[in-house]
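Me: I have a model open and some labels I do not follow. Can we go through the reasons behind them?

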Amino acid sequence: MANVVVIGAQWGDEGKGKITDLLSKSADVVVRYQGGVNAGHTVVVDDQIFKLHLIPSGILYPDTECIIGSGTVIDPNVLIRELDQLETLNVSTRNLLISETAHVTMPYHRLIDQASEERRGDHKIGTTGRGIGPTYADKSERTGIRVIDLMDPDSLRKKLRWTVEYKNVILEKLYELPPLEPDAIIAEYLEYADRLRPHVIDSSLRIYDAIQRKRNILFEGAQGTLLDLDHGTYPYVTSSNPVAGGACVGTGVGPTMIDRVIGVAKAYTTRVGEGPFPTELHGTMGELLCDRGAEFGTTTGRKRRCGWFDAVIGRYAVRINGLDCLAITKLDVLDELEEIKICVAYEVDGATCYDFPSNSRKFARCQPIYKTVPGWKQSTADCRSLNDLPQQALDYLKVLAELMEVPIAIVSLGASRDQTIIVEDPIHGPKRALLYTNGATPTDAQMYTLEV
C-alpha cells in the first residue's frame with residue numbers, strides 16, 4: 001500500500017494529467033485536492049483525447065474511485081458538462097465522488113474575476129477569468145457557498161439572497177455592471193444540485209476509510225509549485241496551495257499518512273500569464289518549443305511562454321514539496337536541437353544565486369547562468385526503455401537529476417500512455433535503480449551509471 005501525491009514542479013502545465021493517468025492504473029482511489037476549472041489535464045488513450053478540468057484523471061479506469069476533495073472549488077455547470085462528455089465517450093462516472101465541504105463557484109465570482117483583471121490594466125495577474133480567486137476569497141471571508149448548501153434548498157435560498165444582494169453592490173458600484181437576479185441563480189443551482197446529489201459524500205471520512213483498508217491512494221494537484229499562493233511567485237500565483245502539503249489540507253488527511261511525493265517537470269520550462277520567467281526564450285527557439293510541444297492551455301487555449309529548463313526552481317520544488325522522485329515529460333520536444341541549455345544558477349545584483357529568491361523584485365532581476373549540453377538530433381518518440389534512448393538524451397536526464405538532487409522515476413516521450421519509460425513505479429516501490437547517482441556533480445556526467 002502507498003499513498004502518493006503528484007505535484008507540478010514548475011509553473012503548471014507540466015503534464016500531470018498523463019502521469020496521474022499512468023499511476024491511476026495502480027491506484028484504488030484518486031483524489032483531486034485543490035484548484036478549480038482554471039486547471040486542465042489532457043490525457044490521450046488510444047488516440048482519444050480527454051480534456052478534464054475538475055474530474056480526476058483516474059476516471060478513465062472504471063474500477064478506480066475518484067474524489068473531488070474539499071480543497072477544490074467547483075463550478076457545477078462545468079462539472080456537469082464534463083460528466084456528460086465522459087458518458088458520451090462511454091466512460092463511466094459512477095465512481096466519481098464530490099466532497100460536501102468543497103466550495104462552489106457562482107456567477108458573481110466569474111464576473112468579479114473578469115472585471116477585476118480588466119481594471120488592473122498593466123498590473124494584471126493573468127487569471128483565467130473563471131472565478132477561482134473570488135471563490136477562494138469568499139471561502140476565507142466565510143461567505144462562501146459549499147456543496148452541502150446546494151443539497152439543502154432552504155439553506156441555499158437564505159444564503160444566496162443575502163450574498164447576491166451583497167455582491168450586487170460590488171458589481172454595480174465598483175465595476176458598473178448590471179445586478180444579478182437572486183431567484184434565477186437559486187433556480188439554476190438547485191437544478192445542478194439534483195444532478196450532483198448522488199455523488200456527494202463526506203470525503204475525508206471516505207479517504208480515511210480507504211487508508212484503513214490499505215488501499216493505494218493517489219492525490220492529484222492542479223497548477224504547479226511556482227503558482228502556490230504561499231510559496232509561488234506572488235502575486236502571479238493561483239489562489240490555493242498546489243504544493244504537496246496542500247494535499248493534506250485539501251482532503252482532510254494527516255501528513256503521516258502520505259508515503260511518497262512525485263514531482264512532474266517538463267524537460268524545458270513553460271509559464272502562462274504574467275510574471276518573471278528568467279529562462280524565457282523569445283524568437284525562433286521559443287517558437288520552436290511552443291510548436292513542437294503544442295504549448296497552448298487546456299483550459300483557456302492561451303499560448304504558453306517557453307524557456308530552457310530551470311534547475312533553480314526545480315531544486316526549490318524539491319525542497320518545498322519534499323520530492324522523492326521526478327517524472328520528466330516532453331523529452332521528445334528537444335529531439336531536433338543541436339544543443340540544449342540548462343539554467344544552473346542566477347546572476348543577480350552582481351552575485352551568483354543558487355537558491356530561488358523569495359523576494360519577488362529580486363527574482364524579477366535574475367539572469368540565468370547556463371550549462372550547455374549537446375542535443376541528440378534524433379527521435380525519441382519510440383523509445384520504451386532507458387537503453388533505447390540516445391546517449392546524449394540519457395546524459396541530459398542524468399544532469400537534470402543531479403542538479404535537482406532527486407531521482408527520475410518516469411520519462412514521458414509523447415502524449416500517449418505507451419510513450420513512457422517507467423524507471424520505477426512510485427506506488428509499488430522500486431523495480432530497479434533510479435536514473436541518478438548520489439554524490440556525483442553536474443560536471444561529472446561521464447561518470448553516471450545505471451545499476452539494474
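Me: What makes the lining of the second largest pocket divide into nonpolar, polar and charged residues as it does?
Reply: This is a predicted model. Five residues of that lining are nonpolar, 11 are polar and one is charged. The sorting goes by residue type: Lys counts as charged and Tyr as nonpolar, while Ser and Asn fall among the others, which count as polar. Tyr136, Lys139, Ser239, Ser240 and Asn241 lie nearest the centre of the pocket, which has 17 lining residues.

Me: Why is the second largest pocket said to lie between domain 1 and domain 2?
Reply: Domain 1 (3–93 + 202–422) and domain 2 (103–198) both give residues to its lining, so the pocket lies between them. The helices α4 (132–141) and α9 (245–249) each supply at least two lining residues. The largest share, five residues, comes from α4. The space in this pocket is about 320 Å³.

Me: Why is isoleucine 342 called buried or exposed?
Reply: Buried means under 20% relative accessible area. Isoleucine 342 has 0%, so it is buried. Its place is in strand β16, which covers residues 339–348.

Me: How do you know which residues isoleucine 342 is in contact with, leaving aside its neighbours within four places in sequence?
Reply: Contact means heavy atoms within 4.5 Å. On that basis isoleucine 342 touches Phe309, Ile369, Tyr370, Lys371, Val373, Tyr396, Val399, Leu400 and Leu403.

Me: What separates the C-alpha atoms of isoleucine 342 and valine 399?
Reply: They are 9.1 Å apart in space, and the two residues are 57 residues apart along the chain. The contact cut-off applies to heavy atoms, and isoleucine 342 is in contact with Val399.

Technical notes. Residues are numbered from 1 along each chain as its sequence is written. This is a predicted model: local features need pLDDT of at least 70, side-chain atom pairs count only at pLDDT 80 or more; totals for chains, interfaces and linings use all residues. Side-chain values use heavy atoms; hydrogens and water are left out. Helices (H or I, at least four residues) and strands (E, at least two) are DSSP runs, numbered from the N terminus. Buried means under 20% relative accessible area, exposed over 50%, partly exposed in between (1.4 Å probe, protein chains only). On a 1 Å grid over the protein atoms alone, a cavity is a set of points where a 1.4 Å probe fits but cannot get out, and a pocket is an open set with protein on both sides within 12 Å along at least five of seven lines; lining residues have an atom within 4 Å of a point. Grid points are joined across faces, edges and corners, and a volume is the space filled by probe spheres set on the points. Domain bounds come from an automatic or database domain assignment.
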